[in-house]
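Thanks for coming, everyone. I'll keep this short. Please have a look at the model on the screen.

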Amino acid sequence: MDELVATMTGFARTLRAAGVGADHERTQNLLKALDHLDVTDRDEVYWAGRLTLCATPADLPRYDRCFAAYFGGMKARQVRTATTSVTRHLAAREGAGEPGGDDGTAAPATASSIEVLRHRDVARMTDAERDEVHRMLAMLRGGRPLRRSRRFESAHRGVLDRRRTIREALRKGDVARLRRRRHTTRPRGVVLFVDISGSMAPYAETLLRFAHALVRSEPRTTRVFSVGTRLTPVTAELRHRDPGTALNEVSKAVPDWSGGTRLGEELREFLTRHHARGAIVVIASDGWERGDPELLGTQMARLSRQAYRVIWVNPHKGYADYQPLTGGMRAALPYVDDLVAGHSLAAYEELSERLAHA
Amino acid sequence: MLGRTIRATDIESPAKLVELLDRQAYLADEGLATAAFLALRMGRPLFLEGEAGVGKTELAKALAALLDAPLIRLQCYEGLDAAQALYDWDFARQLLHLKAAEAAGVTDVGRLEGEIYDRRFLIARPLLKAVETQPSVLLVDEIDRADDEFEAFLLEVLSDFTISIPELGTVRAATPPVVVVTSNRTREVHDALKRRCLYHWLEHPIFDREVAILLRRLPGCTETLATQVARAAERLRHAGLVKPPGVAETLDWTEALLTLGATELDPGLAAATLGAALKYREDVAAVLGNGLLGHG
């Protein structure tokens, strides 16, 4: 029997290496299931494992491969994906600091100059102009659409609160008045992914400042992750009141500035360890996927099934001739509800508005 | 049947369960039979996922029939809450009772309270009913339609099959009901819930099995017709339709053809009855336009 335990634990380990979530509890379930079956019957072992260790249709082909490899007498080789970890620290911001081409003046902003700035691409601004835009971003206060929660509160209008009515009738001896109740509401959650890879470098700081404004206005229901070659949660860092301090903290927390983007893998990790159920998901990226676009597609499909709405912010979308041609963008597009621009203050204001009424 | 009731623990192997399900006119393959067998033996919920119409709900019905147990169904929908899933107090009868007591001159609040929160004023909804009824088969249908908060709540009930009612006490199932949870996978269900369950992904049946299902379920069906319909269904499933037909639809379609007296699938009749198999106007148009119904 101990041999069986060792065999099955080894099998579960093989599955985990292949990306199936066959954890300890599930392995225990497999052993319990085998109590009722014939362990010498290959088919029954196959089904017992498949029924207890798998959790999604995506697990099934992996399971089949592992089963064949493991019980075929050979262990499936652990596939290690080569991860290029580029850890250039904050080098991204240098690229963003180049003076703009057409209009390089650093005059103090006036109402009309803000109007002009509002629609300019932040990647093509001078430092002073960008600072002005960032000051405006810090003032952004969007609302959130509400979702109904399961809790009730007493209200003047709504459905009959029978429990309270009957309690009161008991106390007073008669139904003096009908009590009513209705569902309370909660702001819908937002999950924001900010691409901080090399190709997004000119927009990374502005995006993070936008993220800061979001976290500051809805601290309890906003989650922010940086994506590049690694998924890093940065919500806690962004909670600082001062945007400068918050961004400093983020830059310390994020190990992969200005590398490539492996959004598919990162979304998979997100979906394994976190969730986006009922949330509005915002992905800010140009879709230059260095990983497998097919993987990105499948992860986007999973994400879109969980999420209430998926909004993709692409800085290049602000240009009339933009076409979603990058491999990643094309793979992701079928699962995106809104593809919006993200290059100018006006675009961020619009995004904020969109979040408030999603 | 055998003249005696079959208990879950009497079924000694998946093969035996295949045989028992067959008597209920439900043809299960080895994987599904093993899944259902383990669910019965381990007392764990069976989580069935798959496209609409592959026979998820039918399995629960067949299990209930073979165990001679009532099928208790909880159809999930957005906004489903505890009062609709668990229990509710019969407000109107409680009030009537209070009025009657008042008329009789009863003023002891403590006594009145004990009386109106009595079991007879409690309306059992599916989950409580399943815990109270033994044996029973609980079908939680289309869990993906309910809110995610409801999943957490369901997980709690499925973990220990106890339901506590503040005014009345705790109701516990001596032997847990057989539970079948189905999902059409319109959204991902939380991993914690799946972890409690045996997970089975149901595919459309292979060609031979579909023919067998048609013949088993529709007594008047000829082998030629069953073969032709199954072959057409297989083609339709690979045609990239909005809603490919499931077994439920092929059964409906064949029944429609039989009603019209067909003994084989000729294109004219097929086109006339296509609405039984395809439920989207675009799909019907695509199929008729591409001549996908041609002779099989």
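I'll go through chain A, then one helix, then the contact with chain B, and finish with a helix pair.

A word of caution to begin with: this is a predicted model.

Chain A as a whole, then. It has 14 helices and 9 strands. Of its 358 residues, 39% count as buried. Now take the contacts in chain A between residues at least 6 apart in sequence. Of those, 73% join residues at least 24 apart.

Next, please find helix H3 of chain A, residues 42–53. H3(A) is 12 residues in length. From first C-alpha to last, H3(A) reaches 16 Å. That is close to the 16 Å expected at 1.5 Å a residue.

Is H3(A) mostly covered or mostly uncovered? Mostly covered: 9 of the 12 residues are buried. Let me read them out. Glu44(A), Val45(A) and Trp47(A) are among them. So are Ala48(A), Gly49(A) and Arg50(A). Leu51(A), Thr52(A) and Leu53(A) are buried as well.

What covers those buried residues? From chain A, the cover includes helix H1 (2–17), helix H2 (24–35) and helix H4 (59–71). Chain B takes part too, and its helix H2 (30–42) and strand E9 (198–202) are included in the cover.

That brings us to the contact between the chains. Chain A puts in 29 residues, and chain B puts in 30 residues. Which elements of chain A give two or more residues to the side that touches chain B? They are H2, H3, helix H8 (162–172) and helix H12 (293–306). H3(A) gives the largest share of that side, with 6 residues. So we are back at the helix we just looked at. By class, the side of chain A that touches chain B has 12 nonpolar, 5 polar and 12 charged residues.

Last item: two of the helices that cover H3(A), namely H1(A) and H4(A). Their axes come within 10 Å and cross at roughly 135°. An angle between 115 and 145 degrees counts as oblique, so H1(A) is oblique to H4(A). The crossing of H1(A) and H4(A) is right-handed.

Which residues make this contact? On H1(A), look for Phe11(A), Thr14(A) and Leu15(A). On H4(A), look for Tyr63(A), Cys66(A) and Tyr70(A). Sorted by class, the contact of H1(A) with H4(A) has 5 nonpolar residues, 1 polar and no charged.

That's my part. Questions are welcome.

Notes
Residues are numbered from 1 along each chain as its sequence is written. Chains are lettered from A and ligands numbered from 1 in the order in which they are written. This is a predicted model: local features need pLDDT of at least 70, side-chain atom pairs count only at pLDDT 80 or more; totals for chains, interfaces and linings use all residues. Helices (H or I, at least four residues) and strands (E, at least two) are DSSP runs, numbered from the N terminus. The expected span of a helix is 1.5 Å times one less than its number of residues. A residue is buried if 20 or more other C-beta atoms lie within 10 Å of its own, exposed if 12 or fewer, and partly exposed in between; C-beta atoms are placed from the backbone. Two residues are in contact if their C-beta atoms, placed from the backbone, lie within 7 Å. Ala, Val, Leu, Ile, Met, Phe, Trp, Tyr, Cys and Pro count as nonpolar, Asp, Glu, Lys and Arg as charged, and the others, Gly among them, as polar. Axes are lines fitted to C-alpha atoms, for helices over the stretch in contact, and angles run from 0 to 180 degrees between N-to-C directions. Angles under 35 degrees count as roughly parallel, over 145 as roughly antiparallel, 65 to 115 as roughly perpendicular and the rest as oblique. A crossing is left-handed if the near helix is turned anticlockwise from the far one by less than a right angle, and right-handed if clockwise.
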